[in-house]
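Hi there,

Here is the structure I promised to pass on. Please have it open while you read my notes.

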Amino acid sequence: MDKNLKIVYLDRVTAGPINLKERFSKYGEYIEYEDTEVGEIDERIEDVDVVITTRIRLGKKQFEKAKKLKLILITATGFNHIDVKSANEFGIKVANVSGYSTNSVAQLAITFLLNELTPVNKYFEEVKNGKWIDIDVPDYQKYPIDDVEGKILGIVGFGNIGKKVAQMAEALGMEVMVAKSAGKDYKKVEEDGILRHDLDEVLEKCDVLTLHVPLTDSTRNLIDLEKMKKMKRSARILNLARGPVINQDDLYFALKNKIIKSAAIDVTSVEPIEKNSKLFELDNIVITPHIAWKSEKSMITLMNDVEKNLKLFLEGKLEGLK
C-alpha cells in the first residue's frame, strides 16, 4: 500500500464529528481544512495526490495547476460541482459514493410530507405563544390537518431514493405516480412493475410532488412557473434533490401568489441560502440546510465507501466517473 500520498480534505466541515485523521493517515500525509474559499483552492491542491471534497468546485483551471493530482474523492452522490470531463483529460480519476444515504433522504422526505399535512411546527409556535387551550376553530382552519391516506404522491426521480419514498408512502395509504425520466422511451409498465406517467399528468393529479433527480442539463429548472401552474392550488412541493431543479424565483412567485399551497425544501439554488432570500418572507415554506443525507448511519457508511474508493484506486481497480 502506497503510504506516500498527500491527501487533502477541502471542506471537512461537511463530514460531521467522525474522526478522519486516523482513517486517512494510513495512506500518507493527511491534511484537512474546515472549509476552502475559491481563492484558496489552487494553493491547497497544487502539490497533493488526492483531494477529498463534498461541494468544492473543481475544473480545468484548478487541474492545470495541480500537477500531482491523481484522484478526487467526492463525499457525496452528486458530482455536478466537478468537471469530470476535464479531470479525465488530465488523467485524474473521480469517484463518488451512491446509495449510502437512501434511507436518510427518504426519511426526511416523509418527514416533510407528514409535516406539510399535519403542520407540527405551526402548532408548536401557537403553543409557545400560550394558545394550548385557546386555539379556536379559525386557528385550526389556518393550519388545517389533512389525512395522508388517499393522497396522490408524484415522484420525479425513481432511483433508490425515489423507490424508498414510494414504499414508505404506500405504507401510509398514498397512491404513487411516477414521472417518466426526460429523454427516455418507456413501455407501458417497466420491469419494476411501476407505470410511468408524463410529467404534466403527474403535476396535474398529485397532491404532493417530491423531487429526487440529479442535477443535469435536462433537470435544471425542471419545475418552473409554467409547470407549477399545472398543479392543484392545494398541491405541495418537496425538493430533496438539488436546488436548481426548481426555478427558485418561480417558486417564490408561486408560493406568494398561492399558485401552489406550500413547499418544503432541503436544497436551494445557492448554498448556503442568501441571508436576504425572498423565501424568508413567506410563511408557506420550510427550509432545512441540506441535511437529508446526514444521518449518523449514513455518514459512517459514506466514509467507509470513500475509503473503499481510495483502496480501489491504489489497487488499480477504480473505474471512476466518465
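Below is what I found on two topics, nonpolar cores and a helix pair.

This is a predicted model, in which local features need pLDDT of at least 70 and side-chain atom pairs count only at pLDDT 80 or more, while totals for chains, interfaces and linings use all residues. Residues are numbered from 1 along each chain as its sequence is written, and side-chain values use heavy atoms, with hydrogens and water left out.

The largest nonpolar core has 44 residues, and Ile45, Leu58, Ile72 and Leu310 touch the most other members. (A core is a set of buried Ala, Val, Leu, Ile, Met, Phe, Trp, Tyr and Cys residues joined through side-chain atoms within 4.5 Å; buried means under 20% relative accessible area, with a 1.4 Å probe and protein chains only.) Helix 12 gives this core its largest share, 6 residues. (Helices are DSSP runs of H or I, at least four residues, numbered from the N terminus.) Apart from this core lies another, of 33 residues, including Val213 and Met231.

Now the helix pair. Helix 5 (residues 102-117) packs against helix 8 (residues 160-171) at an angle of about 45°, with the axes 9 Å apart. (Axes are lines fitted to C-alpha atoms over the stretch in contact, and angles run from 0 to 180 degrees between N-to-C directions.) That makes helix 5 oblique to helix 8, oblique being what remains besides angles under 35 degrees, over 145, and 65 to 115. Contact (heavy atoms within 4.5 Å) involves residues including Val105 and Ala109 of helix 5 and Ile161 and Val165 of helix 8.

Best wishes

Definitions and conventions
Helix = DSSP H or I, 4+ residues; strand = E, 2+ residues; numbered from the N terminus. Buried < 20%, exposed > 50% of the residue type's maximum accessible area, 1.4 Å probe, protein only.
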